[in-house]
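Work through the exercises below with the structure open beside you. Try each task before reading its solution.

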Amino acid sequence: MMSGFSRLRAGGLLAGAALFATAACGAGAAETTPDGKPEVVAAFYPLQWLSEQVGGSDAQVSGLTPPGVEPHDVELGIQQVTELKNATLAVYVKGVQPAVDEAVEPDTSFDAATAVATIPAGEHAEEGEEEHGHEELPYDPHLWLDPSRLATVATKLGERLATADPAHAQGYKERATKTAAALGALDQELTKGLTTCTSRTLVTAHEAFGYLADRYKLKQVGITLDPETEPSPARLSEVAKLAKAEGVTTIFTEALVSPKVAEVLASQVGAKTAVLDPLESKPSGDYLSAMRDNLKTLQTALGCTA
Ligand SMILES: [Zn+2]
């Protein structure tokens, strides 16, 4: 199990790094930039985008996961652990990256999963298969794929930043309101665009789109929960049977995951493949434009008439 191995390595690295950070920095106060701006460290892309929108020019936002890296795979070096611990605010989703979950400090972190109603983790875990990133997580962590939930996160993030940096409270709250409104508009486009479709079944390479399915009344069938785990032949034939029964025309893959499994499945059921972006890494545009691209892909694949 490759993913299990990489998690172990990340855990070992982190244990050493955490000790070192404690010894080197003591109980250091929250960090600010030389010009006094609060430092916001966002765990991965959608949270970085959101933090930049809400933080504006009042905050210094940095992203922890480099572009093109699956955030679930991220390993933290000493410098990144220190950065997370000393940040004015670390923004993350508990359950996506175990190394981050362990490194953040309760008082200076914001777990976006605490801001919204979560949905249960995928039900299609195979015997012995772990939720990707976390073994006992009771909920699906991919909440950013529902813009209406992300709007709620924006509002809460505005409140947290206003508390952390009271001198600029009004700016944070205004930008949070504006960001929430942009996300609300996107949510309406998705609702409208996905109302009338020939199919509502979403067969995906890994089960990342639960919130999108929940919000827009689609049914997600994930081939695997963990993007690094090969599905068993039994799981593949189960999904193939279901895809045929539901007249599925498209199997969705994603940029950072090998399309091999989806391609095999697609050829078995006579379907095409298309890329649906789970936004775990920076897209070519931004969060809003990537979600609009996802909408177009979904409309074509599901036969929706807007
Ligand atoms: Zn994921």
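Helices here are DSSP runs of H or I, at least four residues long, numbered from the N terminus. The model is predicted.

**Exercise 1.** Find where Arg235 and Glu238 lie, and say how far apart they are in sequence.

*Solution.*
- Start with the helix: Arg235 and Glu238 both belong to α8, residues 233–245.
- Count along the chain: they are 3 residues apart, about one turn of the helix.
- Look at the side chains: those of Arg235 and Glu238 form a salt bridge, 3.3 Å from N to O.
- Now apply the cut-offs: buried means under 20% relative accessible area, and partly exposed lies between that and 50%.
- Arg235 has 5%, so Arg235 is buried. Glu238 has 45%, so Glu238 is partly exposed.

**Exercise 2.** Explain which parts of the chain the salt bridge between Arg175 and Asp58 ties together.

*Solution.*
- Check the distance: the closest N and O atoms of Arg175 and Asp58 are 2.8 Å apart.
- Place both residues: Arg175 is in helix α6 (169–193), while Asp58 is in the loop between α2 (45–55) and β2 (60–63). The pair therefore ties together parts that are 117 residues apart in sequence.
- Check burial: Asp58 has 15% relative accessibility, so Asp58 counts as buried.
- Step back: the whole structure holds 10 salt bridges.

**Exercise 3.** Trace the salt-bridge network that includes Asp214.

*Solution.*
- List the members: Asp146, Arg149 and Asp214 are linked.
- Take one pair: the side chains of Asp146 and Arg149 meet at 2.7 Å, N to O.
- Check burial: Asp146 and Arg149 are both buried.

**Exercise 4.** Work out which strands stand at the edges of the sheet, and why one side of each has no neighbour.

*Solution.*
- Read the order: the open sheet has 4 strands, β2-β1-β3-β4, with parallel pairing.
- Go to the ends: β2 and β4 (109–111) each have a single partner strand, so one side of each is left without a neighbour in the sheet.
- Add the twist: it averages 20 degrees from one strand to the next.
- Zoom in: 3 bridges join β3 (residues 89–92) to β4. Ala90 has Ser109 in β4 as its bridge partner.

**Exercise 5.** Describe the largest nonpolar core and the surroundings of Val153.

*Solution.*
- Size the core: it has 73 residues, and Leu76, Leu84, Val93, Val153 and Tyr287 touch the most other members.
- Find its largest share: 8 residues come from helix α10 (residues 287–302).
- Inspect Val153: leaving aside neighbours within four places in sequence, its contacts include Leu50, Phe110 and Leu143.
- Look elsewhere: another core, of 15 residues, lies apart and includes Ile223 and Leu265.

Definitions and conventions
Residues are numbered from 1 along each chain as its sequence is written. This is a predicted model: local features need pLDDT of at least 70, side-chain atom pairs count only at pLDDT 80 or more; totals for chains, interfaces and linings use all residues. Side-chain values use heavy atoms; hydrogens and water are left out. A salt bridge is a side-chain nitrogen of Lys or Arg within 4 Å of a carboxyl oxygen of Asp or Glu. Helices (H or I, at least four residues) and strands (E, at least two) are DSSP runs, numbered from the N terminus. Buried means under 20% relative accessible area, exposed over 50%, partly exposed in between (1.4 Å probe, protein chains only). A nonpolar core is a set of buried Ala, Val, Leu, Ile, Met, Phe, Trp, Tyr and Cys residues joined through side-chain atoms within 4.5 Å. Contact means heavy atoms within 4.5 Å. Two strands pair if DSSP finds at least two bridges between them. Axes are lines fitted to C-alpha atoms, for helices over the stretch in contact, and angles run from 0 to 180 degrees between N-to-C directions.
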